[in-house]
Amino acid sequence: DLLFLKRSAFKHEQEVRALLYCDDAPAAQPQKGWTIEVDGLELVESVLLDPRVPDHFGAAMKSYLKRTIGFKGPVQKSVLYTKPPVINGRVPEEDL
């Protein structure tokens, strides 16, 4: 269960996690993993950068993803650390 815990601050990521377990694998030669080919351009819909990255780094990363790799989705800084709006002196519950 610990492998599937997700902090609520990151629920927007909508990630998918897969866990593979083979109970008849020889213990003396543990499997180091499996290679699964995926097309990242098809799999990833958007990229959120750490909100603390400098603007020039964010711009360079966006340029690299768009021009060099051909990523078509949005590339933005996360708003994870921004202050929630205050309405009538209160922070809405969904922003807590």
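# Exercises: salt bridges, a helix and a core

Asp-55 has 61% relative accessibility, so it counts as exposed (exposed is over 50% relative accessible area, buried under 20%, partly exposed in between, with a 1.4 Å probe and protein chains only). Before we go on: this is a predicted model, where local features need pLDDT of at least 70, side-chain atom pairs count only at pLDDT 80 or more, and totals for chains, interfaces and linings use all residues. Residues are numbered from 1 along each chain as its sequence is written, and side-chain values use heavy atoms, with hydrogens and water left out.

**Exercise 1.** Work out which residue forms a salt bridge with Asp-55, and where the two partners sit.

*Solution.*
- Start with the cut-off: a salt bridge needs a side-chain nitrogen of Lys or Arg within 4 Å of a carboxyl oxygen of Asp or Glu.
- Lys-77 fits the bill, with its closest N and O atoms to Asp-55 2.8 Å apart.
- Now place them: Lys-77 is in strand β2 and Asp-55 in helix α2 (residues 55-69), so the pair, 22 residues apart, links distant parts of the chain. Helices (H or I, at least four residues) and strands (E, at least two) are DSSP runs, numbered from the N terminus.
- Lys-77 is partly exposed, at a relative accessible area of 30%.

**Exercise 2.** The structure holds two salt bridges; find the partner of Asp-50 and say how exposed each residue is.

*Solution.*
- Asp-50 pairs with Arg-52, and their closest N and O atoms are 2.6 Å apart.
- Asp-50 comes out as partly exposed because its relative accessible area is 31%.
- Arg-52 reaches 59% relative accessibility, so it counts as exposed.

**Exercise 3.** Compare the length of α2 with the expected span.

*Solution.*
- The expected span is 1.5 Å times one less than the number of residues in the helix.
- For the 15 residues of α2 that is 21 Å.
- In the model, α2 reaches 20 Å from its first C-alpha to its last, close to the expected value.
- Just after α2 comes Gly-70, with a positive phi of about 90°.

**Exercise 4.** Follow Leu-65 from its helix into the largest nonpolar core.

*Solution.*
- Leu-65 lies in helix α2, and at 13% relative accessibility it counts as buried.
- Beyond its neighbours within four places in sequence, Leu-65 is in contact (heavy atoms within 4.5 Å) with Val-47, Gly-70, Phe-71 and Val-75.
- Take Val-75: its C-alpha is 8.2 Å from that of Leu-65, ten residues apart along the chain.
- Take Val-47 next: leaving out residues up to four places away, Val-47 touches Leu-65, Phe-71, Pro-74, Val-75 and Gln-76.
- Put together, the largest nonpolar core has six residues: Val-47, Leu-49, Val-53, Leu-65, Phe-71 and Val-75. Such a core is a set of buried Ala, Val, Leu, Ile, Met, Phe, Trp, Tyr and Cys residues joined through side-chain atoms within 4.5 Å.

**Exercise 5.** Decide whether Ser-78 is buried or exposed, and list its contacts outside the local sequence.

*Solution.*
- Ser-78 sits in the segment after β2 (75-77).
- Its relative accessibility is 15%, so Ser-78 counts as buried.
- Setting aside neighbours within four places, Ser-78 contacts Leu-48, Leu-49 and Pro-51.

**Exercise 6.** Zoom out and describe the whole chain.

*Solution.*
- Two helices and two strands make up the list of elements, in the order α-β-α-β.
- Of the 96 residues, 10% count as buried.
- Among contacts with a separation of 6 or more, 53% come from residues 24 or more positions apart.
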